[in-house]
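Q: Please take a close look at one helix and the residues it keeps from the surface, and then lead me from there through the rest of the chain. I am in my first year, so please explain each term when it comes up.

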Amino acid sequence: MVLLAAAAPFWPPVLWSLVLILPLSAVGFYDLFQERHSICRNFPLFGRGRWLMEALRPYVREYFVESDTDGTPVNRMFRSIVYQRAKGARDTVPFGARVDTYRTGYEWIGHSLAAVDAAEVELDLRVSVGGPQCGRPYQASIFNISAMSFGALSPNAVLPLNKGARLGGFAHNTGEGGISPYHLEHGGEGGTGAAPLEYANSIGMPLREALALVVDCLIGFGLRHQVRVIASGKILTGFHLVKHMALGADLCNGARGMMFALGCVHSLVCNTNRCPSGVATQDPRLYRRLDVEDVAQRVVDVFLSFDTELKKIIAPLGRSTSLPIGMADALGIDDYNAAQRLKIKYVV
Ligand SMILES: Cc1cc2nc3c(=O)[nH]c(=O)nc-3n(C[C@H](O)[C@H](O)[C@H](O)COP(=O)(O)O)c2cc1C
């Protein structure tokens, strides 16, 4: 201030700097006398830099630091593949595998010596739901939109999902958390608009093991042929679809993958009503620019990519007419204990 007062008679424009200096000084004084945050009392104004860094951290990490394979809940590699398929863009990868195929826990599908041509794969991609006692049995698509409640998604996100489901001939579970007494439920790691950290991280058995357990129980009680098992949990590619079907799922559903198809950019703010892409918000200023028609087609394209990729995987397995349901012999995992639990191959 003293310097400013001394300089002003010689060069009056220097007073413009007060536009910045005065508000910053006011904030600094406020910080000095407030009693809630000791870091700001100790370092007035500069202590706030920590909050700024914390606010920027997710973006810096996601855009500059994170590798293609280490982001959570969904890494960039899988987000990108859904974006590419939603937009009909090139979805091949150059120069080889993106994952370490020698890490513990690596999962793969073993191909057959009697592979068939992908063009010859003749698969009925529908599964009948509803037994003899069912009033309205139907043929369900093997991949559908998983439950996402209206409260979690914006109207302009729900509409294209619903329209896409109609155009593509698959189901759209509207969500709301309901579960009938006839459902079996087991499994954690699910997505949600908002959940306590404890629930999101630690409640429920991980999908892979839960699926194997549920299928085992159904077989054990002689109910397998009467009950359809639907799995959802990061089913984002053809491999995920085949893997979960091989572990026993009759059908698979996807929630977050479909959010990516809608334009979700993984900002991880679904619980704040501030979703920048307008997918997980009820704020019309954010969702009104989400184009329902355009996005519905992306939903259809992602859905169709599952059919295409499934056939591409089935062909090298040499099984051209059957869905991979329960085909656990085709799966392998580089983890002895998991292989035992899942009753799949373990190869050292
Ligand atoms: C935004 C959002 C809202 C959800 N709402 C519901 C719901 O209302 N009812 C429900 O049973 N599951 C709900 N889920 C869970 C999903 O249906 C799904 O089972 C879970 O996200 C795992 O699948 P994913 O990995 O494909 O997202 C929701 C998930 C998300 C991401």
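A: The buried residues of helix α5 are covered by parts of the chain that include α10 (256-262) and α12 (292-317). Helices here are DSSP runs of H or I with at least four residues, strands are runs of E with at least two, and both are numbered from the N terminus. A residue is called buried if 20 or more other C-beta atoms lie within 10 Å of its own, exposed if 12 or fewer do, and partly exposed in between, with the C-beta atoms placed from the backbone. By that count, the buried residues of α5, which spans residues 76-86, are F78, R79, I81, V82, R85 and A86. Looking down the axis of α5, one finds these buried residues within an arc of 165°, so they line one face of the helix; the arc is that of the directions from the helix axis to the C-beta atoms.

This is a predicted model, in which local features need pLDDT of at least 70 and side-chain atom pairs count only at pLDDT 80 or more, while totals for chains, interfaces and linings use all residues. Residues are numbered from 1 along each chain as its sequence is written.

The backbone on either side of α5 also deserves attention. Most residues other than glycine have a negative phi, and most peptide bonds are trans. In the loop between α4 (49-65) and α5 sits P73, and the peptide bond that joins T72 to P73 is cis, with omega at about -5°. Just after α5, G88 has a positive phi of about 65°. Further on, in the loop between α5 and β1 (107-109), comes F95, a residue other than glycine whose phi is nevertheless positive, near 70°. F95 has 5 C-beta neighbours inside 10 Å and therefore counts as exposed. A positive phi also appears at K343, about 60° although K343 is not a glycine, and this residue belongs to the segment after α13 (336-342). K343 is partly exposed, because 14 other C-beta atoms lie within 10 Å.

Helix α9 (residues 238-246) offers another case of burial, as eight of its nine residues are buried, namely G238, H240, L241, V242, K243, H244, M245 and A246. After α9 comes G248, with a positive phi near 125°, in the loop between α9 and β6 (251-254). G248 is buried, because 23 other C-beta atoms lie within 10 Å. Two residues are in contact if their C-beta atoms, placed from the backbone, lie within 7 Å, and, leaving aside neighbours within four places in sequence, G248 is in contact with L211, A212, V215, V229 and G326.

A further buried loop residue is C275, between α10 and α11 (284-287), which is buried because 28 other C-beta atoms lie within 10 Å. Its contacts, again leaving aside neighbours within four places in sequence, are S267, V269, C270, A280, T281 and L286. P196, by contrast, lies in the loop between α6 (155-168) and α7 (197-202) and is exposed, because 10 other C-beta atoms lie within 10 Å.

Turning to the whole protein chain, there are 13 helices and seven strands. The radius of gyration of the protein chain is 26 Å, well over the 20 Å that the globule rule gives for 348 residues, so the chain is more spread out than a compact globule; this radius is taken over C-alpha atoms, and the rule is 2.2 Å times the number of residues to the power 0.38. The chain is divided into domain 1 (2-65) and domain 2 (76-342), with bounds that come from an automatic or database domain assignment, and the centres of the two domains, taken over C-alpha atoms, are 48 Å apart. Of the 348 residues, 28% count as buried.

Finally, a ligand is surrounded by 22 residues, of which the closest are A147, S149, G175, G191 and A255; a residue counts as near when its C-beta atom, placed from the backbone, lies within 6 Å of the molecule. This shell divides into seven nonpolar, 12 polar and three charged residues, where Ala, Val, Leu, Ile, Met, Phe, Trp, Tyr, Cys and Pro count as nonpolar, Asp, Glu, Lys and Arg as charged, and the others, Gly among them, as polar.
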